[in-house]
Amino acid sequence: MRRAPLVIAWGNPLRGDDGAGPAVARAVAARGSATVRICHQLTPELAADVAAASRVVFVDARAGPAGRTGASARGVRVRRLRGQHTPPAAFNHAMAPETLLILARTLYGTAPPAFLVTVRGARFALGSGLSPSVRRLIPAAARVVLRLLPPRPAS
């Protein structure tokens, strides 16, 4: 049985641009290219889904300058995740994507290739709605995520 790719996006849509990850994930879900999970934060319970996936693309918002080259100049960054960091001494319900990869490997014996796609946000204060600059980045970020997913098998 072929394992499906997984997109995990997190953020709080009630904190302005922090909702960028979920917005990107909804755009990807509309294409039906992967299993999509949207959550407020990464939790240990996601390790089973990570271990079952053929590839994982994590999506989140970030604050700060966009950078100068490639996709990052437009406010979208991609980073390959290695999952080689030491896990924290105590578990809590907010963790890094790398920690989820380590947890999947430790508990289930496998962790798929993984990437982190971030969208540069400008406004993270309380209040719903993405800023205009982030709204413009959502389609580009969704295209980046879709390019990271394996091609669909021919029917």
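The following conversation goes through a predicted model and asks what lies behind the words used for its parts.

Visitor: Why is Leu-46 called buried?

Guide: The relative accessible area of Leu-46 is 10%. Buried means under 20%, so Leu-46 counts as buried. Leu-46 sits in the loop between strand E2 (35-39) and helix H2 (47-52). Leaving aside neighbours within four places in sequence, Leu-46 is in contact with Ile-8, Cys-39 and Leu-100. Ile-8 is 38 residues away from Leu-46 along the chain, yet their C-alpha atoms are separated by 8.9 Å.

Visitor: Why is Pro-113 called partly exposed?

Guide: Its relative accessible area is 31%. Buried is under 20% and exposed is over 50%; the value for Pro-113 falls in between, so the residue is partly exposed. Pro-113 is in the loop between H3 and E5. Not counting residues up to four places away in sequence, Pro-113 touches Ser-54, Arg-55, Val-56 and Arg-80. Of Arg-80 and Pro-113 one can add that they are 33 residues apart in sequence and 8.1 Å apart in space, C-alpha to C-alpha.

Visitor: What makes Trp-10 and Phe-58 an aromatic pair, and why is the pair edge-to-face?

Guide: Their ring centres are 6.3 Å apart, and the limit for a pair is 6.5 Å, so they pair. The planes stand at 80°; over 60 degrees counts as edge-to-face, so that is the name for this pair. The structure holds 1 aromatic pair. Trp-10 lies in strand E1 and Phe-58 in strand E3, so the pair ties together parts that are 48 residues apart in sequence. Both Trp-10 and Phe-58 are buried.

Visitor: How do you know that E4 and E5 pair?

Guide: Strands pair if there are at least two bridges between them. E4 and E5 have 6 bridges, in the antiparallel sense, so the condition is met. As an example, Arg-80 has Phe-115, in E5, as its bridge partner.

Visitor: What makes E2 and E4 edge strands?

Guide: Each of them pairs on one side only. The open sheet has 5 strands in the order E2-E1-E3-E5-E4, with mixed pairing. From one strand to the next, the twist averages 20°.

Visitor: Which helices lie against these strands?

Guide: Helix H3 (residues 97-108) lies across E1, E3, E4 and E5, and runs at about 30° to E4. H4 packs on the sheet too, touching E1, E3, E4 and E5, and its direction makes about 170° with that of E5.

Visitor: What makes a group of residues a nonpolar core?

Guide: The members are buried residues of nonpolar kinds, such as Val and Leu, joined through side-chain atoms within 4.5 Å. The largest such core here has 26 residues, and those with the most contacts inside it are Val-7, Val-24, Val-28, Val-57 and Val-145. Strand E1 (6-10), helix H1 (20-29), strand E3 (56-63), strand E5 (114-121) and helix H4 (132-148) each supply at least two residues of this core. H4 gives the most, with 9 residues. Val-57, leaving aside its neighbours within four places in sequence, is in contact with Leu-6, Val-7, Ile-8, Phe-115, Val-117, Val-145, Leu-148 and Leu-149. Apart from the largest core lies another, of 20 residues, among them Leu-42, Phe-58, Leu-103 and Leu-116.

Definitions and conventions. Residues are numbered from 1 along each chain as its sequence is written. This is a predicted model: local features need pLDDT of at least 70, side-chain atom pairs count only at pLDDT 80 or more; totals for chains, interfaces and linings use all residues. Side-chain values use heavy atoms; hydrogens and water are left out. Buried means under 20% relative accessible area, exposed over 50%, partly exposed in between (1.4 Å probe, protein chains only). Helices (H or I, at least four residues) and strands (E, at least two) are DSSP runs, numbered from the N terminus. Contact means heavy atoms within 4.5 Å. Rings of Phe, Tyr and Trp (its six-membered ring) pair if their centres lie within 6.5 Å; planes under 30 degrees apart count as stacked, over 60 as edge-to-face and the rest as tilted. Axes are lines fitted to C-alpha atoms, for helices over the stretch in contact, and angles run from 0 to 180 degrees between N-to-C directions.
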